[in-house]
Structure formats: C-alpha cells, structure tokens
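Got the model open in your viewer? Let's walk through it one selection at a time.

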Amino acid sequence: MPDRIKLQVARYRPEQESAATFDEYDIPCPKDWVVLDGLNHVKDRMDGTLAFRWSCRMGVCGSCGMMVNGEPKLTCGTFLSDYGPGPVKVEPLRNFPIIRDLIVDMGDFMRKLVAIKPWIVRKVEKPLSEGEYLQTPDELEDFKQYSMCINCMLCYAACPVYGLDPHFIGPAAIALAQRYNLDSRDEGSDERNKLLSEHEGIWGCTFVGECTKVCPKHVDPAGAIQRYKLTAAVETVKAFFMPRGGA
Amino acid sequence: MAQSVQSEYQQRVLPPRVSTFWWLEKGSYLVFILRELSCVFVGWFVVYLLMLVRAVIQGDASYQAFMAWSATTPILLLNIVSFLFLVFHAVTFFDAAPQAMVVKLGPNKVPGSLILAGHYAGWAAASALVIWLVVGA
C-alpha cells in the first residue's frame, strides 16, 4: 500500500476562470483515511481556498457526496487506500450546476423534494388527547427501506435521465414520496400522485438502475419507481373498468 | 437588487453538461441503451409474425414464397440478431421484475428469487406451448 497518493481535485473559481480545471495534491495515505480526510488535509495544510461540503463524517448527513474516479460516492465512506496507487480524481457531483470547486447548487433537488410533500399528511388531524397514530411492525416494514434516504443526491449524479432532462423529479424525491405513500398513517398520496403521474414523474424514468447501485443507504430508488409505475398502471386499469370505484 | 444578484449568480455558476456519448462512459449505461434498442427488434418480430400470418392466410404458394424469402441471407441475419436482442430484452426485463413487484403472502414477502423463477417458468410454459403448436400438433 502506498504511503502517499495523488489527489486530482476539480477546481472552479468563477472569479478567475470560465471552466473547471484540475489541481493535483500529493497527500499522505494512511489506511484509515477516507477521501474526505484527504480533502481536509489539502484544505488545512496545502490550499485553504479549496471549497467543499461536509459535516458528520459518518455517512449520515449526506453532505459530502462527490464524484470519485467518475463514480458518485460519499467521500466520508470512501477509502483512499482502495484507489492505490492512484491518482484519485475528485469532482463535484455530476448533473448539477457547479458553484465553486466541489460545491454544487442543490436548489433544484430541494425544490423537488418539497414538492412531493415528504411529511405525513392527514386530512383531519386527530386531537392530541386521542394519542399517537399506532403502527404495526409489518406496516413499518412496508416503507422503512425508503425512509433511510439521507438526501445525498448521489442517485441524481448517477441518473442519465436527470442529466438529460432536468425537469425529471428524480430518484430520491420519488423514493421519498413512496416512503410516505406507503406509510399507514399518511393520507396524502392523492396529492403526491398528481405530481408523480406527470411525464416528469415516474414515467420519465427509463430504469437505468444506476440510482440503486450508487445509493449508500440501500434505499433502492429504482425499485420504488418501478413499484409505483405498477401501482399507477393497476389503478388506471381499475379506474377504466370500475369508474365508480367498484361501488 | 435581488434580480441583479440572481443574474450575477447565474453568470458565475457552471451549468452541467452531458456528453452525446454518455452511454459509452459505463458498462451499465451501455447495457441500458442496448436494452432500449432491443425494442426495435421486438417491433420487427411483431411485423414478421404478422407477415407470416398473412402469408399463411393467402395460401400455400404465398407461404412457400415467404419461407424462401425468410431463408435469404439478409433476413436470416436480421432474424438471428433480432432473436439475440429479444433474449437480452426478456432476461433484463425479468431481472427487473423482483424490484418492481412486491408480492405478499399473508404477512410475508415473497422472495425476489421466487418471483424471478415464476417469470422464467411462465416463459418456459409459453415456449413449450408454441413448440407443441408448431411441431407436435
């Protein structure tokens, strides 16, 4: 294992240049260092102007997603030693506008996330005196996988459909919509489905499947989308043959 | 004021670009594009089947002419390539089925491997029926 490794980091300094370039840094490579440690070493000891996002360092906050050797990764969980002898190329997440260096503009994702109402919607809230909304372990199991999403946007960086059509709602937002649609306490599926059933919703997905492969939390957004397509198709057939809901 | 700040921001942000050849960047992207392309060959086999049915309806001479045309090298090659794409289409479609289908028997989820096996069993049964119709009946 090498004791040093070269880190090739994408730089974009809008006040100086009109396109991204690469700066190379020769950094230590202890076996327990992740790519984020390497970037922090550069920032602290070599070049304080390098800009990137990070927070928890434990794969929970979803802030440190970047392209590592062309693959979307959480840099806090990606070991430098796995890329020996190097170099390791670090770029901002693909398919997003770049604000500076490794920082992307996540506004589009945030707007889409809010649009699918990722919270429990109730038609009428019951009074607190009636207690909590109870749920069985089986009901929890129905949506738990989708609730693991940390909004890291790796799935958007891996999705060529989103790259080609930025209007596509995208994998994480649809998986989170499913998370609430499948929650037995929720009554907001009709509101979400209006958005999901549009062309830019589930039908925009052509099932490349990369979103599921890169997801660090095994959420399986591709599965959520295909599952919802099946549900939507069955509902359409039902509505055609039973326009009054079978009554 | 806010508008000028927004405009300045937009000027400084580097917009994303997707290469025309993005589908050559990764093996999985190429497999995806080939799967999409396989629809063309599925369409061709539908047309070919309809042509066969028409030839059969028009009588023996028409059927023999169709068979002779089918044995020409270009059509034979096209059908071999189409068959390979069809198998690829079917296998990748079946592989995706367990991800899309969540089947519950009582409180338990049916494992993906069983859903996959069900699809292949259905495929085998349909193929056996066709073989029986063509050869055995």
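Start with chain B and color its two domains separately: their C-alpha centres lie 22 Å apart. To make the selections, use 19-98 for domain 1 of chain B and 101-137 for domain 2 of chain B. Keep in mind as you click around that this is a predicted model. Where the two domains of chain B touch, domain 1 puts in four residues and domain 2 puts in seven. Show the domain 1 side of that contact in chain B and you'll find four nonpolar residues, with no polar and no charged ones.

**Over to chain A**

Now hide chain B and select chain A. In cartoon view you should be able to pick out nine helices and seven strands. Turn the C-alpha trace of chain A along its principal axes, and the spans come to about 70 × 40 × 35 Å. Chain A has 247 residues, and 39% of them count as buried. If you draw the contacts in chain A between residues at least 6 apart in sequence, 67% of them link residues at least 24 apart.

Chain A splits as well: pick 4-104 for domain 1 and 107-241 for domain 2. The C-alpha centres of these two domains of chain A sit 30 Å apart. How many residues does each domain of chain A bring to their contact? Domain 1 of chain A brings 13 and domain 2 of chain A brings twelve. On the domain 1 side, zoom in on β3 (65-68) and β4 (71-74) of chain A, the elements that each supply two or more residues. β4(A) gives the most there, with three residues. Color that side of domain 1 of chain A by class and you get six nonpolar, five polar and two charged residues.

**A stop at the strands**

Stay in chain A and select residues 4-11 and 21-28, which are strands β1 and β2. These two strands of chain A run antiparallel and pair over eight bridges. To see one bridge up close, label V9(A), whose partner in β2(A) is D23(A). Next, add β5 of chain A, residues 88-91: β1(A) pairs with this strand too, in parallel, through three bridges. Here the residue to label is Q8(A), which bridges to K89(A) in β5(A).

**Where the chains meet**

Bring chain B back. The contact between the chains takes 25 residues from chain A and 17 from chain B. Which elements of chain A give two or more residues to the side that touches chain B? Select β6 (98-100), α5 (160-164) and α9 (221-241) of chain A. Of the elements on that side, α9(A) gives the most, with six residues. By class, the side of chain A facing this contact holds 13 nonpolar, five polar and seven charged residues.

For the last stop, isolate α9(A) together with α4 of chain B, residues 73-100. The axes of these two helices are 8 Å apart, and the helices pack at an angle of about 85°. Angles from 65 to 115 degrees count as roughly perpendicular, so that is how α9(A) and α4(B) sit relative to each other. Now show side chains: from α9(A), display A222(A), G223(A), Q226(A), R227(A), K229(A) and L230(A), which meet A96(B), Q99(B) and A100(B) of α4(B). Colored by class, this helix-to-helix contact between α9(A) and α4(B) shows four nonpolar, three polar and two charged residues.

Notes
Residues numbered from 1 in each chain as written. Chains lettered and ligands numbered in written order. Predicted model: local features only at pLDDT ≥ 70, side-chain atom pairs only at ≥ 80, totals over all residues. Domains from an automatic or database assignment. Nonpolar A, V, L, I, M, F, W, Y, C, P; charged D, E, K, R; others polar. Helix = DSSP H or I, 4+ residues; strand = E, 2+ residues; numbered from the N terminus. Buried ≥ 20, exposed ≤ 12 C-beta atoms within 10 Å, placed from the backbone. Pairing = 2+ DSSP bridges. Axes fitted to C-alpha atoms, helices over the stretch in contact; angles between N-to-C directions. Parallel < 35°, antiparallel > 145°, perpendicular 65-115°, else oblique.
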